[in-house]
Amino acid sequence: MGLLTVSHTPLNGLMLMQRNQIGDHRGFLQRLFCAEFLKQAGWHTPIMQINHTFTRHSGTVRGLHFQYAPYAEMKLVTCLKGAVWDLAVDLRPGSPTFLHWHAEELSAINQRSLMIPEGFAHGFQALSDDVEMLYCHSQSYMPAMEGGLHSQDPRLAINWPLPIKKLSDRDASHKLIDNNFEGVVL
């Protein structure tokens, strides 16, 4: 088994990555990103931005965020401390899984990451207090190109594992999906 293994999820292009440690009495080495290996799994651009987030309280939801073309982005999302329920929603027009979502628990213990392709919204719920996340982005953040879905949109019917305790004002203000929503054109 190598330092990284990748498996498919039910949503085409959304990949679950397992990080495997090599360790001894001194500690361990863990690979978070390998361009050559992940290219085979669909990561096809350089990393343009790396973000580190801290979420203080369990039950907090962040997202669901995306960027419109031409700034649609891939994300590689890793939980460094604590645990999250990490979720991606397919927003690709014409996709057989349009508006379907898939979630995985990511934690410091299970050492998983989620590789999210362009055309997906992303968010997570903290399952523990004091969560730290690391995001690799294929595009720089462009505020004018940002979009969002409401985390409690009945059309998505997301079954969050905990009651939602905290949302930012921005995330709470995302509109519900209407019948005219066409997704994210790439």
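Reader: Before turning to particular residues, what does it mean for two strands to pair?

Author: Two strands pair if DSSP finds at least two bridges between them. In general, strands of a sheet pair through backbone hydrogen bonds, either parallel or antiparallel. Please keep in mind that the model shown above is predicted.

Reader: Which residue stands opposite Gln21 in strand 4?

Author: The residue facing Gln21 is Gln30. These two belong to an antiparallel pairing of strand 3 (residues 21–24) with strand 4 (residues 27–30), which extends over 4 bridges. The connection from strand 3 to strand 4 is a hairpin of 2 residues.

Reader: How many strands does the open sheet have, and what is their order?

Author: The open sheet consists of 6 strands in the order 1-2-10-7-12-5, and the pairing is antiparallel. At its edges stand strand 1 (4–8) and strand 5 (49–55); each has a single partner strand, so one side of each lacks a neighbour in the sheet. On average, neighbouring strands of this sheet are turned by 25° against each other, direction ignored.

Reader: Over how many bridges does strand 1 pair with strand 2?

Author: Strand 1 and strand 2 (residues 15–19) are joined over 5 bridges in the antiparallel sense. Within this pair, Leu16 of strand 2 is the residue opposite Ser7. As a general guide for reading strands, the side chains of a regular strand alternate between the two faces of the sheet.

Reader: Which residues touch the most other members of the largest nonpolar core?

Author: That core has 17 residues, and those touching the most other members are Leu64, Val89, Leu91, Leu149 and Leu156. Strand 6 (61–67) and strand 8 (83–90) each contribute at least two residues to this core. Leu149 may serve as an illustration: leaving aside residues up to four places away in sequence, its contacts include Leu64, Phe66, Val89, Ala121, Ile177 and Phe181. There is also a second, separate core of 16 residues, among them Leu14, Leu16, Val77 and Phe124.

Reader: How many disulfides are counted, and why is there no bond between Cys79 and Cys136?

Author: A disulfide is a covalent bond between the sulfur atoms of two cysteines. The cut-off needed here is that the two sulfur atoms lie within 2.5 Å. By this rule the count is 0 disulfides. For Cys79, the closest cysteine sulfur is that of Cys136, and because the separation is 14 Å, they are too far apart for a bond.

Reader: Are Cys79 and Cys136 buried or exposed?

Author: Cys79 is buried, at 1% relative accessibility. Cys136 is buried too, with a relative accessible area of 7%. The cut-off for buried is under 20% relative accessible area.

Technical notes: Residues are numbered from 1 along each chain as its sequence is written. This is a predicted model: local features need pLDDT of at least 70, side-chain atom pairs count only at pLDDT 80 or more; totals for chains, interfaces and linings use all residues. Side-chain values use heavy atoms; hydrogens and water are left out. Axes are lines fitted to C-alpha atoms, for helices over the stretch in contact, and angles run from 0 to 180 degrees between N-to-C directions. A nonpolar core is a set of buried Ala, Val, Leu, Ile, Met, Phe, Trp, Tyr and Cys residues joined through side-chain atoms within 4.5 Å. Buried means under 20% relative accessible area, exposed over 50%, partly exposed in between (1.4 Å probe, protein chains only). Contact means heavy atoms within 4.5 Å.
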